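Reader: I should like to learn how the features of a protein model are read. May we go through them one by one?

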Amino acid sequence: MLGFIIRPPHQLLSLLSCPGLRIPRFSVLCAPPRLRTMAVSSSSWELPLVAVCQVTSTPDKEQNFKTCAELIREAARLGACLAFLPEAFDFIARDPAETRRLSEPLGGNLLEEYTQLARECGLWLSLGGFHERGQDWEQTQKIYNCHVILNNMGSVVATYRKTHLCDVEIPGQGPMRESNSTIPGPSLESPISTPAGKIGLAVCYDMRFPELSLALVQAGAEILTYPSAFGSVTGPAHWEVLLRARAIETQCYVVAAAQCGRHHEKRASYGHSMVVDPWGTVVARCSEGPGLCLARIDLNYLQQLRKQLPVFQHRRPDLYGNLGHPLS
């Protein structure tokens, strides 16, 4: 598999396969050789290509959309079948009151713009964390952190509402009280079939709960996605470690689109969007600042790895219970 990075987004980096290559202004990340016993049956050029978008959202929804649309159009131009946007791709507000004011229902103007964009580009979209006014908005005045999947016709094919809310106090990072404006989702979403594979949906803080990822993979997930807005203290310590752990323990691809940089005077994000393969190798990674990285998804490799290292057959629920119950 080859992962590679495009930055700035309007420039094209040719597909290259040469470990150690240095190219000015661009980063190329080539995966190390796989186990020799794992022959890949398909040419890498036939494998589905996914794009992972990294942005710096602000309270300016219109400008955020322009930035995301530019990256999505670039992903389509480069041949991706699916583009991933991070949590809070629509906006990052300064406080809970602004979050509530800027939020919209799924049937609002912003999702309509993304619907049209998906149709225009012929691209599937993972909209990683939309501030959704749900059906209970009038009663609660709180929103859902909703991960939306659009197909290439612009239809909503899956929604997942973040189930683990980030209420934490990290020294040096400032308190986070997501529950001040957000309601936890009531359930997990069954993995959704896409041109890249079956995707299990999660959002940011969910990655700290391996039971969720185990439930998704037992329901058929081949790709786990964690759109995020990780903080500047937890990011260097936990971001890559958690993503690689989720990939290794589930033998899934992990795709993590991230917010980066300073959103406003009260908040900044770590960035480092990446794709991890089922062996735990980081095969694509965004450089600093807004941009995108690309990776090919090899499901033959995934199946061969699961066959040769059959950890799910070796589980002992008689000893420790059924962690991550399969979805109904």
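Author: Let us begin with contact, which means heavy atoms within 4.5 Å. Please keep in mind throughout that this is a predicted model. By that cut-off, Pro210, Ser213, Leu214 and Val217 in α5 meet Arg246, Glu249 and Thr250 in α6.

Reader: Beyond the list of contacts, how is the packing of two helices described?

Author: Two packed helices are described by the angle between their axes and by the distance between those axes. Here, helix α5 covers residues 210-218 and helix α6 covers residues 234-250; their axes come within 10 Å and cross at roughly 40°. That angle makes α5 oblique to α6. As to handedness, α5 passes α6 in a right-handed crossing.

Reader: At what angle do helix α1 and helix α3 pack?

Author: Helix α1 (residues 61-77) and helix α3 (residues 109-121) pack at about 20°, and their axes are 10 Å apart. Angles under 35 degrees count as roughly parallel, and α1 is therefore roughly parallel to α3. The crossing of α1 and α3 is right-handed. On the α1 side, the contact is made by Phe65, Cys68, Ala69, Ile72, Arg73 and Ala76. On the α3 side, the residues are Leu110, Glu113, Tyr114, Leu117, Glu120 and Cys121.

Reader: Is Thr115, in helix α3, buried or exposed?

Author: The term buried means under 20% relative accessible area. Thr115 lies in helix α3, and its relative accessibility is 11%, so Thr115 counts as buried. Leaving aside residues up to four places away in sequence, Thr115 touches Leu150 and Gly154.

Reader: Cysteines always attract my attention. How many disulfides does a search of the whole structure find?

Author: A disulfide is a covalent bond between the sulfur atoms of two cysteines. In this model, a search of the whole structure finds zero disulfides. Two cysteines may still be described by their accessibility. Cys81 has a relative accessible area of 17% and is therefore buried. Cys121, which was named above among the α3 contact residues, is buried as well, with a relative accessible area of 18%.

Reader: Let us turn to strands. In what order do the six strands of the open sheet lie?

Author: A sheet is read by following which strand pairs with which. In this open sheet the order is β10-β11-β12-β13-β16-β17, and the pairing is mixed. The edge strands are β10 (192-194) and β17 (282-285), each of which pairs on one side only. From one strand to the next, the twist averages 25°.

Reader: In which sense do β10 and β11 pair?

Author: Strand β11 comprises residues 197-201, and its pairing with β10 is antiparallel, over three bridges. A hairpin of two residues joins β10 to β11. Within this pair, Thr194 stands opposite Gly197 in β11.

Reader: In which sense do β11 and β12 pair?

Author: Strand β12 covers residues 223-225, and β11 pairs with β12 in the parallel sense over three bridges. Leu201 has Thr225 in β12 as its bridge partner. Four of the five residues of β11 are buried, so β11 is largely enclosed by the rest of the structure.

Reader: How many residues lie between β14 and β15 in their hairpin?

Author: There are two residues between β14 and β15 in that hairpin. Strand β14 spans residues 260-264 and strand β15 spans residues 267-270; they pair in the antiparallel sense over four bridges. Gly261 has Ser269 in β15 as its bridge partner.

Reader: Finally, what is phi of Gln141 and of Gln251?

Author: The sign of this backbone angle is the point to read here. Phi of Gln141 is near 55°, a positive value in a residue other than glycine. Gln141 is placed in the loop between α4 (137-140) and β6 (144-150). Phi of Gln251 is likewise positive, near 55°, in a residue other than glycine. Gln251 is found in the loop between α6 and β13 (253-256).

Reader: Are these two residues buried, partly exposed or exposed?

Author: Gln141 has a relative accessibility of 36% and therefore counts as partly exposed. Gln251, at 2% relative accessibility, counts as buried.

Conventions:
Residues numbered from 1 in each chain as written. Predicted model: local features only at pLDDT ≥ 70, side-chain atom pairs only at ≥ 80, totals over all residues. Heavy atoms only, no water. Disulfide = S-S within 2.5 Å. Buried < 20%, exposed > 50% of the residue type's maximum accessible area, 1.4 Å probe, protein only. Pairing = 2+ DSSP bridges. Axes fitted to C-alpha atoms, helices over the stretch in contact; angles between N-to-C directions. Parallel < 35°, antiparallel > 145°, perpendicular 65-115°, else oblique. Left-handed = near helix turned anticlockwise from the far one by under 90°.
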